[in-house]
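This report introduces selected features of the structure shown below. It begins with a single residue and then turns to helices and a sheet.

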Amino acid sequence: MIIENLLEKVQRYSPDAEVQVVMNAYLFSAQAHTGQTRKSGEAYLTHPLAVADILADLRMDVDTIATGLLHDTMEDCMTTKESILDTFGEEVALLVDGVTKIGKLRFRSKEEAQAANFRKMILAMSNDIRVILVKLADRLHNMRTMEHMKPERQISISRETMDIYAPIANRLGLSKLKSELEDICFRYLEPNVYSSLTRQLKLRAPDHSSYIKSFKAELQQALTERGIKCEISGRVKNLVSIYRKMQLQNLTFDQVHDLLAFRVMTESMGDCYTALGMIHGLYPHHPNRLKDYIAQPKSNGYQSLHTVVLPEGRQVEVQIRTHHMHAVAEVGIAAHWKYKEGHLALSKEDIQQIGRLRAIFEAAREVNDPSEFLETVKVDLFAMEIFVFTPAGDVKIFPSGATALDFAYAIHTEIGNSCVGAKVDGRIVPLRYELQNGDCVEILTSSNQNPSRDWLDIAKTGRALSKIRRVIREAERARGIELGEEILTKELSKHSISISKLQKSGKLKEAAQRLGHRENEHLFYGIASGTQPLTRVMRILAPQTIEESRSPITAFFNRIRSKSTSPVLIDGEGDVLTSFARCCSPLPGEPVIGFITRGHGISIHRVDCKQLLHLDKDRRVPVQWQDTPSGRHSSEVEILCTNQMGMLADLGAVCKSQQINVNRMEAHTIEEDNKAIIIIEVGISHVEQLNTLLKSVQYIEGVIYARRKRAEAN
């Protein structure tokens, strides 16, 4: 790709474009990237040029194409936003800055990085959607040239692209870009399947090629003779769609009959329906495979008629659309845009045409937790859509599986919060009723109703889930503050101290701040949740009273407590009541997280504990092991071995040599295989000690495997 070709391409679809802006961006980028190369060894400038070319294929304006050329200059070349602002103006500077911010984000965990990056992209889209178009073009070219990366990077980037970027491209109506992203991802994520399908398609290629040519000519002649002016093209469906069908319907490749698809492009909407009727008159067709996306467009603006016909025993899909509908299908929202001197010039009417995209952006502003946001928006991105009506006749679009509760929140937050049921076509239905295409829904409310945790299992849309979580969090926090204040009031009253006087004098707030809480309410909530020990609060508010009131028995237990502090720290403190979850039996050295139980302190789990996934996220607290955790922790080891004499003695000898105490041992024979399964429960001080034990056991003659027994997998 050379700059002259890029400029010619832009001028073909926008003759009055200010291509000097693009040329200036090219020169600026060339200077900034001087001396830089890609992993392939090519000059780095080939990448921004390729990104700009992809954007030109999407018929973007000169500011966006300039951004494609400049998008890496701020991140990789230390170019400042001010220098871009001075050279190219505010609009380009903001676009480049938006793309740069997406690329710079780095977070502690893979899940958080993915979620927060995704959130940032969506927020960028809500301000100027061209930021994400540049990012999609950037990702596409990086995917095209990924053969120079390490295999693990190829897989991780492909998974992220399949999960995040391809669905966004689909949501924006960029079907061509989305299909290419998916096919490249498929090549790296399922290399064996990809090679097999490619090979089988190649074997059929001559037959497909000749049939596409003959059927296209036959259909063209038939429609032309009947007065329909049209253009027809044929193609083999992409590998991802073929593979998805095979998985969904449990088919082999030879059982997939509709590998071919034809596209009929007409002059008008009326011609589309006329052509459909004629095609159904010419060939047998599947009546249940007819889809009318013209009358009911997809949320990304896609319009077309889809039908499956059976000419000469074959099965082919035919899509019928106007030329404008085809432009929308290929370049999505960009098809609605107009240009004045090569710059974007959107009218209010144009913006309204793509207004439905805004629904997904609203979720970005209402959710604070990155992983929650990812879950929220993924629900909307990957779902099929259904259409329902309000009593006034307005159409509402929902993902398949959405409920009456989702509908209520789509109308208004307060209606959702007070929803008790719904009427569908005049019939009363419960909140969990799944909406069906064509339903007319009326929401029933009550002033006494409030959201409950059960609603999180009923709601399916991101908007409803985020609203319900917010109300539940606020209610639980209010109850926690009230309970914490009550606990502290009772404890102070035992020593004839008035909490109201402490509040008026400001001593309570001083104590709260000393303990790391900005407000009294935060202190109360900490007491109720168990993260703030009451004894520490009392030591500050009434130290002399605490000392005087200590009985010999209390002092005895406190001495014991001081010698056996928790092996984990919570908010830097070790004197908090904790217990270790039996479901995952965490060991020192493993990543752990705390869960606030009701009345039993904080339960410590491994971060990958499956049981933890089903527990309330709002009651999780960060914890960490002390530098030198004391005590022994039980862990079970499962050993599969041959059933031979001396095995138990050998296991005991290994444990003894490593000064590991065996608390329990049991064995079960597998007579038909002359094998045995041995379970030993050992006392472990650190996870590395367990790993060393497992390696040593593996060397015992007759041992097939030795592994840690994980309770949650049972």
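The model is predicted. Residue N520 belongs to helix α25, which covers residues 520-529. N520 has a relative accessible area of 13%, and because this value is under the 20% cut-off, N520 counts as buried. The residues it touches, leaving aside those up to four places away in sequence, are Q503, L508, K509 and A512. With K509 there is also a polar link: the side chain of N520 reaches the backbone nitrogen of K509 at 3.4 Å.

Burial also marks helix α9, residues 130-144. Of its 15 residues, 13 are buried, so α9 is largely enclosed by the rest of the structure. From first to last C-alpha, α9 reaches 21 Å, close to the 21 Å expected at 1.5 Å a residue.

The sheet is open and has five strands in the order β1-β2-β5-β4-β3, with mixed pairing. Its edges are formed by β1 (230-236) and β3 (291-292), each of which pairs on one side only. Strands β4 (residues 305-309) and β5 (residues 316-322) pair in the antiparallel sense over five bridges. V308 has E317, in β5, as its bridge partner.

Two helices that pack on this sheet are set out in the table.

| Helix | Strands touched | Angle between directions |
|---|---|---|
| α12 (residues 191-225) | β1, β2 (260-266) and β5 | about 165° with β1 |
| α14 (residues 269-282) | β2, β3, β4 and β5 | about 155° with β5 |

Strand β5 is thus touched by α12 and by α14, and β5 also pairs with β4.

How values were computed:
Residues are numbered from 1 along each chain as its sequence is written. This is a predicted model: local features need pLDDT of at least 70, side-chain atom pairs count only at pLDDT 80 or more; totals for chains, interfaces and linings use all residues. Side-chain values use heavy atoms; hydrogens and water are left out. Helices (H or I, at least four residues) and strands (E, at least two) are DSSP runs, numbered from the N terminus. Buried means under 20% relative accessible area, exposed over 50%, partly exposed in between (1.4 Å probe, protein chains only). A polar contact is a pair of N or O atoms within 3.5 Å; within protein, one must be able to donate a hydrogen and the other to accept it, and residues adjacent in sequence count only if both atoms are side-chain atoms. Contact means heavy atoms within 4.5 Å. The expected span of a helix is 1.5 Å times one less than its number of residues. Two strands pair if DSSP finds at least two bridges between them. Axes are lines fitted to C-alpha atoms, for helices over the stretch in contact, and angles run from 0 to 180 degrees between N-to-C directions.
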